[in-house]
Amino acid sequence: MLRSLGVTNFALIEKANIEFIAGLNILTGETGAGKSILIDALNTALGGRASTDYIREDCDYFQVEALFDISALEPVQKIAEQQDIIPEEDGTLIISRRFNASGKNVIRINGCHVTLSVLKLFGQSLVDMHGQHENQALLRPETHLGLLDSFDKEMIVEIEQYRKHYRKWQDINRQLEHSEEKARERVQRLDMLNWQTNEIAAAELQPDEETELENQIRVLTNIEKISKSISKAHILLDEGNDETESVLKLVADVKRELDNAVRYDQSLENQLNMLTDILYQLKELSIDLGGYMDAVEYNPRQLAHLNERMDLIYKLRKKYGTTIAEILSYYEQSIQEIADLNASDDHIAGLNEEQKLLKEKLFVLADRIDSKRRIAAKLLGDAICSHLQKLGMPNCQFAIEVIAVNHLNVSGRNEVSILFSAN
C-alpha cells in the first residue's frame, strides 16, 4: 500500500507531503485545488511520462517521492529480488524520482539507481490507476490469470505446490543447459587426460629410476677409464710393479713380522688380529676387482637404450613435472579427474531422469489446477454477470475463458481471457 507521497516543485506545488492510512483515503477540494496534480505526481513516481512542463516556475527541477509497504506484495518482492534491491526490514520501498530542467532523470529505489524501464516494472505491480483515459488491469490479459486464481483460496495452495516443483524443474533445466554448454569442453578435457595418462602409464616409471639410469649411463660412458683404473689397482694389489712389490705381499710380510713379535709380547695380539683382518679383506678385494674386470665390457646398444630411456623421461618432465615423483603425482590427479568427469556423465543422466519425472508430475498438477480453474471461472463469471444484470445490463454476457496450452509455465499450463459483451 501507498503510505506517503512527497512532492517538491511539481507544477503549482512547492512542497507537499501526504500520509495515507490503511483502507479508503479520499482527496477532496475545489476545482484547481491540485488533486489532479497529486495524481500526476504519483503517476510520475510510478514511471509515467516526465516533462519540464511539470517543473514549478523559476525552479530547476521537480522531485517526487513515494513510500510503499510491500510486505504483503509478493510480486513486488520478487521484482525487487530480481533487481538486487533490498526493502527495509518493515517492508518499506522508497521510490524517488528527480527530473531536471535539462531533461536529466535520476531514479532511485531504496537508494539504488534504476532505469525508467525498471521503475515502470515496479509501478505496474504497485498501483492500478483507474481513470477516464488510463489503462486498467482488467484490460491487460496477463493479469486475468491472477484475478481468477485469487477467487479460489484452495487453488492458491495447489498453485504454490505446483510452483515449488516448477522451480525445482527449472533449476534442473538450468543445470542441464549448463552441462550441455560445457559438454564439448568436458569431452575435450577427457580426451586429453586419457591420452596423457596413457602416455605416462606406457612409460612404466619407477620412483628412483632416474638416479639409477644416470649412474648406469655414467659407468657405460666412462667404461674405458674405469677399466684402466681398476686394472692398475688390481695389479698393484696383487702383482706389484717394477718399483714395488704387490700390496698383498707387503701386508703378508708385515703380518709375518708381527707373528714373530707376538711370541714374545702378547699385548701386540690385537694389532696382529687387525692386520690379519686387513689381509683377508685385501684378498677379497683382489678377487672382487678381478671379477669386475672379467664382467665389465663396453655395450653400445645398452648405452643407447639407457639414453633413449632418459630422453623419454626428459620429455615427460617437460610436460608433467620436474621430477618423476611429480609426474606420477600428476598421473594420479589426472586419473581422479577422469573418474570425476565420468561421474558427471552419471550425474547428467540422473538429472535427465529427474527432469522427466518432475515434468510428468507437473503436468498432473497442472491438469488438476486446470480443472479447478474451469470450475472457478464458471462460478466467477456467473456471479459477475448476475451483478451486471442488476446494474442495468440485462443482456450482458460475461465469461472467463480458460485455455489449456501444451507448455508449462510458472502458473501451470493455462491462458485466461475475460470476455465481455454489454448488450
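In which handedness of crossing does H8 pass H9? In this predicted model, the crossing of H8 past H9 is left-handed. Helix H8 comprises residues 247–262 and helix H9 residues 269–295, and their axes come within 10 Å and cross at roughly 160°. Angles over 145 degrees count as roughly antiparallel, and H8 and H9 are therefore roughly antiparallel to each other. On the H8 side, the contact is made by Val247, Leu248, Val251, Ala252, Val254, Lys255, Leu258, Asp259 and Val262. The H9 side contributes Glu269, Gln271, Leu272, Leu275, Thr276, Leu279, Leu282, Lys283 and Ser286. Divided by class, the contact of H8 with H9 has 11 nonpolar, 3 polar and 4 charged residues.

Leu258, a residue of helix H8, illustrates this contact at the level of a single side. When its neighbours within four places in sequence are left aside, Leu258 is in contact with Gln271, Leu272 and Leu275. Leu258 and Leu272 lie 14 residues apart along the chain, and their C-alpha atoms are separated by 6.0 Å.

A second helix pair is formed by H2 and H3. These two helices pack at an angle of about 165°, and their axes are 9 Å apart. By the cut-off of 145 degrees for the roughly antiparallel class, H2 and H3 are therefore roughly antiparallel to each other. The H2–H3 crossing is left-handed. In this pair, Val76, Ile79 and Ala80 of H2 meet Leu121, Phe122, Ser125 and Leu126 of H3. The contact of H2 with H3 has 6 nonpolar residues and 1 polar residue, with no charged residues.

Helices H10 and H11 were examined in the same way. The axes of helix H10 (residues 300–320) and helix H11 (residues 324–390) come within 9 Å and cross at roughly 60°. That angle makes H10 oblique to H11. The crossing of H10 and H11 is left-handed. Ile313, Leu316, Arg317 and Tyr320 of H10 make the contact with Ile324, Glu326, Ile327 and Tyr330 of H11. By class, 6 nonpolar and 2 charged residues take part in the contact of H10 with H11, and no polar residues.

The pocket analysis follows. The largest pocket has a volume of about 1400 Å³. It is lined by 33 residues, of which Glu74, Pro75, Ser125, Gly146 and Arg163 are the closest to its centre. Four helices each give two or more residues to the lining of the largest pocket, namely H2 (74–82), H3 (116–126), H4 (144–149) and H5 (153–203). The lining of the largest pocket divides into 14 nonpolar, 8 polar and 11 charged residues. Helices H2 and H3 thus appear both among the elements of this lining and as a packed pair. Ser125, one of the residues closest to the pocket centre, is also one of the H3 residues that meet H2.

Note on methods
Residues numbered from 1 in each chain as written. Predicted model: local features only at pLDDT ≥ 70, side-chain atom pairs only at ≥ 80, totals over all residues. Heavy atoms only, no water. Axes fitted to C-alpha atoms, helices over the stretch in contact; angles between N-to-C directions. Parallel < 35°, antiparallel > 145°, perpendicular 65-115°, else oblique. Left-handed = near helix turned anticlockwise from the far one by under 90°. Contact = heavy atoms within 4.5 Å. Nonpolar A, V, L, I, M, F, W, Y, C, P; charged D, E, K, R; others polar. 1 Å grid on protein atoms, 1.4 Å probe; cavity = no way out; pocket = protein on both sides within 12 Å on 5 of 7 lines; lining within 4 Å. Points joined across faces, edges and corners; volume = space filled by probe spheres on them.
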